[in-house]
Amino acid sequence: MSTTRAEFNEFFPQLTSVILSELPSFGATPEMVTRIKSMIEYNVMGGKMNRGLSVVDTVKIMRKETELPQDVNEKAMVLGWAVEWLQAFFLVADDIMDESPTRRGQPAWYRRPDVGILAINDAFILESCIYRLLKRYFRSEPYYIDLVELIHETSYQTELGQMVDLLTAPENDINLDRFSIEKHAYIVEYKTAYYSFYLPVAMALMMTGTPVESPVYQVAKDILIPLGVYFQVQDDYLDCYGEPELIGKIGTDIEDNKCSWLVVQALDRVSAEQRNVLNDNYGRKQPAVHAERVKELYKELDIEGVYKAYEDKAISELEDKIAKVDESLVPRAVFTAFLNKVAKRTK
């Protein structure tokens, strides 16, 4: 039985208390404790929690149990929240770099009048909390250093993806010559797929006794990285073609000059005249007619049809890979659970 979001959220105050209870030993004043509590609650809570829940559910699948013993469940919850804490660290920093006004339906942390540029240090504190929690709950486990190294490596991969994203599409500097299918593939693999798909499963494998030299990790990577890429391509597609009431936002990738899957596919197919249309309209925030003209061009190029063909092929290839998994190494259900959540989603 899958862990519910409510069950997952119920565990959160315990972890916040651990972080806050340590602060006096670092000479923290009451003002600092209050500030850190507010910052954690504002930024770590509030997402869909899919990454964190995936850790707990994968542990259940690996152990072939619908309910985990209390001590195992506690450790799985800590690792699930560690992924959510990592996500919060990335998003606080990302919002500053992108100058995003909102996050999860509220002002981005740095946009709060009492925060501003202090959000940079807050992001560092969020990252440090992850290692405080790992030390508290896993210090005596034989796989402790493997967990630490896994999160360090995943953070580095994500930061490299973010760097390429920022260099490819800097604010207020529109140059579609920087865009390519290869750059988009690198960005989505490194910025999204490793921490969103591979990390939760790798954590669960470590926690359930899979040694780091096991071929299972490569098997997982070979399925979960393409699945993560497909997920991000879906996001790019839904930004343009999704229903705002379903996806919870109005898409702005065109206006924001994003190196989106749609635009790199268009660039690969345009005539010289159509390329000029893209050059003149892509990345222009106002007036709205610019974005509409790009969408018209996508229609002319049948980018929606290109996406549908890509999606069918991606799902078919992932199903084939999962079918070939040796279940004596790892249950296929680990991967079908992810694919079932992602395939043909509309939000």
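Residues are termed buried under 20% relative accessible area, exposed over 50% and partly exposed in between (1.4 Å probe, protein chains only). The model is predicted, so that local features need pLDDT of at least 70 and side-chain atom pairs count only at pLDDT 80 or more, whereas totals for chains, interfaces and linings use all residues. Residues are numbered from 1 along each chain as its sequence is written, and side-chain values use heavy atoms, with hydrogens and water left out.

Helix α1 (helices being DSSP runs of H or I, at least four residues, numbered from the N terminus) comprises residues 5-22. Its buried residues are Phe 8, Phe 11, Phe 12, Leu 15, Thr 16, Val 18, Ile 19, Leu 20 and Glu 22. Their cover, by contact (heavy atoms within 4.5 Å), includes α2 (30-44), α3 (50-63), α4 (70-98) and α5 (119-138).

The largest nonpolar core (buried Ala, Val, Leu, Ile, Met, Phe, Trp, Tyr and Cys residues joined through side-chain atoms within 4.5 Å) has 119 residues, of which Trp 85, Leu 134, Met 203, Leu 278 and Tyr 298 touch the most other members. Helix α7 (residues 181-207) gives the most to this core, with 15 residues.

The whole structure holds 19 salt bridges, each defined by a side-chain nitrogen of Lys or Arg within 4 Å of a carboxyl oxygen of Asp or Glu. Lys 344 and Glu 311 form one of them (3.8 Å, N to O). This pair links distant parts of the chain, 33 residues apart: Lys 344 follows α14 (333-342), and Glu 311 lies in helix α13 (residues 303-323). Lys 344 is partly exposed at 47% relative accessible area, whereas Glu 311 is buried at 3%.

Key. Helices (H or I, at least four residues) and strands (E, at least two) are DSSP runs, numbered from the N terminus. The expected span of a helix is 1.5 Å times one less than its number of residues.
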